[in-house]
Amino acid sequence: KLSGDIPNWIWNYDLSRLNLSHNMFTGTELNSSHVIPFSNALIAFDLISNRLQGQIPMPSSSASFLDYSNNMFSSLLSNFTLYLSSTRYLKLSNNNISGHLPHSICNSPVEMLDLSFNKFSGPLPPCLMENGFLGILNLRENQFKGVLPTNISSGCSVETIDLHGNEIEGQLPRALNNCMNLEIFDLGRNQIVDTFPSW
């Protein structure tokens with residue numbers, strides 16, 4: 001039941017993993033840049049289930065595993081993707097984050113992306129499905145608009161696509177056939193208009 005701000009002195013240690021989950025932290029003592037000055041690259045940084053608000057702090061040296069879910073964060077740094085150079089797992093679910101998801105997310109090595117239960121809006125970056133680098137894409141219960149991408153490559157390796165509860169419209173792209181590993185595909189509560197995809 002640790003509460004208050006996460007103190008600045010903790011960033012001074014040469015940590016490889018930092019788990020502060022399931023506490024009652026409400027903020028950090030970081031300056032307005034919201035960049036955490038870790039001196040070495042992290043393996044895991046976990047802030048699950050606190051009461052953190054405002055802008056999500058990003059570790060300056062990136063981390064393989066980043067989990068900020070179940071907080072009250074409302075925004076991301078405009079250049080947050082610059083801090084994902086070694087991130088494979090990024091989870092921001094169950095927050096109040098709004099705004100558009102930049103196409104630069106596709107320049108990161110993220111393999112598991114969970115932005116579910118937020119307030120993201122705007123078009124769905126086509127590269128999330130076209131580039132074939134993601135294994136899990138969970139954008140459930142947001143306000144993404146537009147149509148599904150049609151230029152899905154034959155190297156598509158995605159196993160889960162969950163877009164339930166958005167504002168996606170149009171038809172299902174036949175190129176989804178290229179996603180041979182697809183196991184979960186949820187488009188419930190969207191505005192898809194099509195016939196049943198017997199293919």
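**Entry 1: strand pairing**

I looked up serine 98 and found that its bridge partner in β13 is lysine 119. The model I am reading is a predicted one. I then took the strands as wholes: β11 covers residues 98-100, β13 covers residues 119-123, and the two pair in the parallel sense over three bridges.

Next I asked which strand β13 is joined to through three further listed bridges. I found strand β15, residues 143-147, running parallel to β13. For serine 121 I noted glutamine 143 as the bridge partner in β15.

**Entry 2: largest pocket**

I looked up how much space lies in the largest pocket, and the value is about 180 Å³. I listed its lining as Leu172, Leu176, Asn177, Cys179, Leu182, Phe185, Pro197 and Trp199. How many of the lining residues are nonpolar, polar or charged? I read seven nonpolar residues, one polar and no charged ones. The polar one is Asn177, because Leu, Cys, Phe, Pro and Trp count as nonpolar.

**Entry 3: aromatic pairs**

I noted eight aromatic pairs in the structure. I took tryptophan 9 and tyrosine 13 from among them: the pair is edge-to-face, at 6.2 Å centre to centre and 80 degrees between the planes.

I then checked accessibility for both residues. Tryptophan 9 has a relative accessible area of 52%, so I wrote it down as exposed, the cut-off being over 50%. Tyrosine 13 is at 48%, so I entered it as partly exposed.

The other pair I looked up is phenylalanine 45 with tyrosine 68. Their ring centres are 6.1 Å apart and their planes stand at 80 degrees, so I logged this pair as edge-to-face. I traced where the two residues sit: phenylalanine 45 is in strand β5 (residues 42-46), and tyrosine 68 is in the loop between β8 (63-67) and β9 (72-75). They are 23 residues apart, and the pair links distant parts of the chain.

Are phenylalanine 45 and tyrosine 68 buried or exposed? Phenylalanine 45 has a relative accessible area of 0%, so I recorded it as buried, the limit being under 20%. I found 0% for tyrosine 68 too, so it is also buried.

**Entry 4: aromatic cluster**

Last, I looked up which residues form one aromatic cluster with Phe45 and Tyr68. I found Trp11, Phe38 and Phe73.

Conventions. Residues are numbered from 1 along each chain as its sequence is written. This is a predicted model: local features need pLDDT of at least 70, side-chain atom pairs count only at pLDDT 80 or more; totals for chains, interfaces and linings use all residues. Side-chain values use heavy atoms; hydrogens and water are left out. Two strands pair if DSSP finds at least two bridges between them. Helices (H or I, at least four residues) and strands (E, at least two) are DSSP runs, numbered from the N terminus. On a 1 Å grid over the protein atoms alone, a cavity is a set of points where a 1.4 Å probe fits but cannot get out, and a pocket is an open set with protein on both sides within 12 Å along at least five of seven lines; lining residues have an atom within 4 Å of a point. Grid points are joined across faces, edges and corners, and a volume is the space filled by probe spheres set on the points. Rings of Phe, Tyr and Trp (its six-membered ring) pair if their centres lie within 6.5 Å; planes under 30 degrees apart count as stacked, over 60 as edge-to-face and the rest as tilted. Buried means under 20% relative accessible area, exposed over 50%, partly exposed in between (1.4 Å probe, protein chains only).
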